[in-house]
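Trainee: Got a minute to go through this one with me? I'd like to start from a single residue and work outwards.

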Amino acid sequence: MQPEDLMGEWRLLSATLTVAGEDNSILDPNRHFIKLFTSNHFAFSSRLPERPRYTLPPSDGELIAGGRSFDAGGGRYDLDGDNYIEHIDYCSFPNYEGISIAFKLSFENGVLTQQGTYPLVKLGLGELDGYLV
């Protein structure tokens with residue numbers, strides 16, 4: 001796979017995280033999730049279709065609701081054949097910043113699949129790592 005094969009916008013269709021043999025769908029069907037690729041950078045965002053509006057100045061509750069309705073992140077990536085490594089430079093979840101995550105990529109019938117060990121322990125999000133597809 002070459003960077004030009006990735007370039008553009010991709011919509012997330014499904015996401016399954018397997019931890020200790022248990023599969024968990026981690027895609028909220030109400031969220032719109034996209035990932036963008038350039039020749040050497042990626043960015044992603046997800047949002048709920050109905051985001052709350054703020055008053056001025058926004059209340060703490062409005063800020064919390066707004067934060068829960070939108071996620072984003074991105075950084076650089078390395079690609080060598082089907083070996084893909086994301087180097088996360090910024091993210092609305094600070095645990096991810098400065099982390100690199102390796103995946104295998106495959107492309108079939110217009111669908112890009114990204115899968116690999118997901119470092120839940122390193123991210124401080126679990127006691128065991130998972131496998132993300």
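**Starting at a buried aspartate**

Mentor: Sure. Take Asp-71, which counts as buried at 16% relative accessibility. Keep in mind that this is a predicted model.

Trainee: Which side chain does Asp-71 meet in a salt bridge?

Mentor: That's Arg-31, with 3.2 Å from N to O. Asp-71 sits in strand β6, residues 70–80, while Arg-31 is in the loop between β3 and β4, so the salt bridge ties together parts that are 40 residues apart in sequence.

Trainee: And Arg-31, buried or exposed?

Mentor: Buried, with a relative accessible area of 17%. The cut-off for buried is under 20%, so Arg-31 at 17% and Asp-71 at 16% both qualify.

Trainee: Which side chain does Arg-31 join through a polar contact?

Mentor: Ser-46, at 3.1 Å.

Trainee: What else does Arg-31 touch, leaving out residues up to four places away in sequence?

Mentor: Besides Ser-46 and Asp-71, the list has Arg-47, Leu-48, Arg-68, Ser-69 and Phe-70. For the loop that Arg-31 lies in, the flanking strands are β3 at 22–25 and β4 at 32–37.

Trainee: OK, other salt bridges. How many does the structure hold?

Mentor: Four. One of them pairs Arg-76 with Asp-89, where the closest N and O atoms are 3.7 Å apart. That pair links distant parts of the chain, with Arg-76 in strand β6 and Asp-89 in strand β7, 13 residues apart.

Trainee: Where do those two stand on accessibility?

Mentor: Arg-76 is partly exposed, with a relative accessible area of 38%. Asp-89 is partly exposed as well, at 40%.

Trainee: Got another one? What does Asp-82 form a salt bridge with?

Mentor: With Lys-104, and there the closest N and O atoms are 3.7 Å apart. Asp-82 is in the loop between β6 and β7 and Lys-104 is in strand β8, so to speak two distant parts of the chain, 22 residues apart.

Trainee: Buried or exposed, those two?

Mentor: In between. Asp-82 is partly exposed with a relative accessible area of 36%, and Lys-104 counts as partly exposed at 41%.

Trainee: Let's switch to the sheet. What order do the strands have?

Mentor: It's an open sheet of 10 strands, and the order is β1-β4-β5-β6-β7-β8-β9-β10-β2-β3, with antiparallel pairing. β1, residues 8–11, and β3 stand at the edges with a single partner strand each, so one side of each has no neighbour in the sheet. From one strand to the next, the twist averages 25°.

Trainee: How do β7 and β8 pair?

Mentor: They run antiparallel, and five bridges join them. β7 covers residues 83–91 and β8 covers residues 100–108. As an example, His-87 has Ser-100 in β8 as its bridge partner.

Trainee: And at the β3 end, how many bridges are there between β2 and β3?

Mentor: Four, in the antiparallel sense, with β2 being residues 16–19. Thr-18 has Asp-23 as its bridge partner in β3.

Trainee: What's going on in the hairpin of β2 and β3?

Mentor: There are two residues between the strands, and Ala-20 takes a positive phi near 50°.

Trainee: What's the other strand that β2 is joined to?

Mentor: β10, residues 130–132, running antiparallel to β2 and joined by two bridges. Thr-18 turns up again here, with Tyr-131 as its bridge partner in β10.

Trainee: Now zoom out for me. How many helices and strands are in the chain?

Mentor: Three helices and 10 strands. From the N terminus, the elements go α-β-β-β-β-β-α-β-β-β-β-α-β.

Trainee: And the overall dimensions, what are they along the principal axes?

Mentor: The C-alpha atoms fill a box of roughly 50 × 35 × 30 Å. The accessible surface is about 8,500 Å², and 53% of that belongs to carbon and sulfur atoms.

Trainee: What share of the residues counts as buried?

Mentor: 29% of the 133 residues.

Trainee: Last one: what share of the contacts comes from residues 24 or more positions apart?

Mentor: 40%, counted among contacts with a separation of 6 or more. The salt bridge we began with, Asp-71 to Arg-31, has its partners 40 residues apart in sequence.

Conventions. Residues numbered from 1 in each chain as written. Predicted model: local features only at pLDDT ≥ 70, side-chain atom pairs only at ≥ 80, totals over all residues. Heavy atoms only, no water. Buried < 20%, exposed > 50% of the residue type's maximum accessible area, 1.4 Å probe, protein only. Polar contact = N/O pair within 3.5 Å; in protein donor to acceptor, adjacent residues only side chain to side chain. Contact = heavy atoms within 4.5 Å. Pairing = 2+ DSSP bridges. Axes fitted to C-alpha atoms, helices over the stretch in contact; angles between N-to-C directions. Areas by Shrake-Rupley, 256 points an atom, 1.4 Å probe, with all protein chains shown as cover.
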